[in-house]
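Work through the exercises below with the sequence and the coordinates at hand. Each task is followed by a solution in steps.

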Amino acid sequence: MSVMVKESPISETDMIAEAEKALADISRIRDGVGRVIFGQESVVERTLVALLAGGHALLVGVPGLAKTKLVETLGVVLGLDSRRIQFTPDLMPSDILGSEVMEQDEFGKRSFRFISGPIFAQLLMADEINRASPRTQSALLQAMQEYHVTIAGARHDLPAPFHVLATQNPLEQEGTYPLPEAQLDRFLMQVDILYPEIEAERRILLETTGIEDAKAQNVLQPVRLKEIQTLIRRMPVPESVVEAILTLVRSARPGQGNAETDKHVAWGPGPRASQALMLCTRARALYDGRLAPSIDDVRALAEPVLQHRMALTFAARAEGTSVRDVVAKLVKGI
């Protein structure tokens with residue numbers, strides 16, 4: 001019999017009642033997204049899991065796979081105030097954070113007034129985030145981790161909830177700045193977007209080349225999203241799942257006794273990866289209509305949670321080994 005670990009006291013009856021309400025809301029969210037985004041069920045699931053868990057996600061895929069469309073659709077369906085920033089090499093921190101301007105009133109008195117930038121949104125789409133300079137990326141990093149920005153020594157809190165969904169093109173790397181490890185670690189998951197199945201692509205052809213495209217409809221309010229995020233943090237987690245998370249994450253670190261890891265991995269995930277897996281397994285369980293996560297949730301989320309938090313050795317890269325290959329082997333050990 002597995003022991004259940006609870007984050008905060010809540011009766012089983014109340015948990016079931018809250019979960020049933022959340023399940024109905026999540027079902028409406030899935031239907032709302034499905035009206036606009038065809039196929040890509042795994043991508044939609046993982047992105048929604050990241051949002052339900054209260055985190056940020058990095059969407060990686062070649063052009064034309066509806067990354068931007070997905071983020072726009074989620075903003076409408078979830079009722080979030082969303083903004084989009086197209087990152088370019090000449091983008092400055094003030095372009096996304098905002099800046100202070102000097103104003104003069106009718107009596108000649110001068111004062112500074114803060115004009116907020118596009119980062120003051122509940123859902124920020126950072127399009128082609130790796131095109132921004134390190135200086136601009138560091139400004140975004142504080143916002144992603146601290147949920148506030150500092151301008152001229154003054155703190156400005158960001159709206160709640162606040163999520164960043166960033167996109168990245170894995171092919172065209174000329175003129176880009178690789179994201180620093182500290183910023184990658186702030187993304188709850190890296191969601192890889194692949195080409196759609198043939199039936200999904202057939203539906204895309206038929207339904208998006210006519211006079212009218214399907215439009216996303218709002219089904220949820222930000223306050224309700226916050227309530228669901230709180231519920232997820234209160235969900236019980238079996239001790240077996242906790243042990244599976246610890247085993248998986250620790251085995252991905254060099255020097256922990258795993259021969260494959262010692263051979264191929266230069267540096268591995270930190271405790272933030274364990275925290276991400278705890279939150280995401282809960283969110284995935286609720287997304288699937290369950291009241292507690294299982295080890296299968298850990299296995300399903302291992303790749304998107306760990307792959308951007310690990311680096312391979314030069315020898316491993318020379319052999320053609322990928323991070324996904326290493327994670328797949330580690331998953332078999334739990």
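**Exercise 1: aromatic pairs**

F114 and F120 are both buried (buried means under 20% relative accessible area, exposed over 50%, partly exposed in between, with a 1.4 Å probe and protein chains only). The model is predicted: local features need pLDDT of at least 70, side-chain atom pairs count only at pLDDT 80 or more, and totals for chains, interfaces and linings use all residues. Residues are numbered from 1 along each chain as its sequence is written, and side-chain values use heavy atoms, with hydrogens and water left out.

Task: find the aromatic pairs in the whole structure and classify each one.

Solution.
- Step 1. Apply the criterion: rings of Phe, Tyr and Trp (its six-membered ring) pair if their centres lie within 6.5 Å; planes under 30 degrees apart count as stacked, over 60 as edge-to-face and the rest as tilted.
- Step 2. The search of the whole structure returns 2 aromatic pairs.
- Step 3. For F114 and F120 the ring centres are 5.8 Å apart and the planes stand at 65°, so this pair is edge-to-face.
- Step 4. For Y147 and F162 the centres are 6.1 Å apart and the planes stand at 90°, so this pair is edge-to-face.
- Step 5. The Y147 and F162 pair links distant parts of the chain, 15 residues apart: Y147 is in the loop between α5 (134-146) and β7 (148-151), F162 in the loop between β8 (154-157) and β9 (163-168). Helices (H or I, at least four residues) and strands (E, at least two) are DSSP runs, numbered from the N terminus.
- Step 6. Y147 has 33% relative accessibility and therefore counts as partly exposed, whereas F162, with a relative accessible area of 3%, is buried.

**Exercise 2: the parallel sheet**

Task: give the strand order of the open sheet of 5 strands and identify which strands stand at the edges.

Solution.
- Step 1. Strands pair if DSSP finds at least two bridges between them.
- Step 2. The order is β3-β6-β9-β2-β10, with parallel pairing.
- Step 3. β3 (82-86) and β10 (189-192) each have a single partner strand, so one side of each is left without a neighbour in the sheet.
- Step 4. Direction ignored, neighbouring strands of the sheet are turned by 20° against each other on average (axes are lines fitted to C-alpha atoms, for helices over the stretch in contact, and angles run from 0 to 180 degrees between N-to-C directions).
- Step 5. Within the sheet, β6 (residues 123-127) and β9 pair in the parallel sense over 4 bridges, and L124 stands opposite V164 in β9.

**Exercise 3: surroundings of A57 and R46**

Task: locate A57 and R46, then list what each one touches beyond four places in sequence.

Solution.
- Step 1. Contact means heavy atoms within 4.5 Å.
- Step 2. A57 is in strand β2 (residues 57-60) and is buried at 0% relative accessibility.
- Step 3. Contacts of A57 are A50, V164, L165, A166, F187 and M189, with neighbours within four places in sequence left aside.
- Step 4. R46 lies in helix α2 (residues 41-52) and counts as buried at 17% relative accessibility.
- Step 5. R46 touches M189, V191, A300, E303 and P304, residues up to four places away in sequence not being counted.
- Step 6. R46 and Q190 are 144 residues apart along the chain, with their C-alpha atoms separated by 8.9 Å.

**Exercise 4: a hairpin and a helix**

Task: describe how β4 and β5 pair, then state which elements the buried residues of α3 pack against.

Solution.
- Step 1. Strand β4 (residues 98-104) and strand β5 (residues 110-116) pair in the antiparallel sense over 7 bridges; E100 has F114 in β5 as its bridge partner.
- Step 2. β4 and β5 form a hairpin with 5 residues between them, and G108 in the turn has a positive phi of about 90°.
- Step 3. In helix α3 (residues 67-77) the buried residues are K67, L70, V71, T73, L74, G75 and V77.
- Step 4. The buried residues of α3 pack against α1 (12-34), α2, β2, β3, β6 and β9.
- Step 5. Just after α3, G79 takes a positive phi of about 70°.
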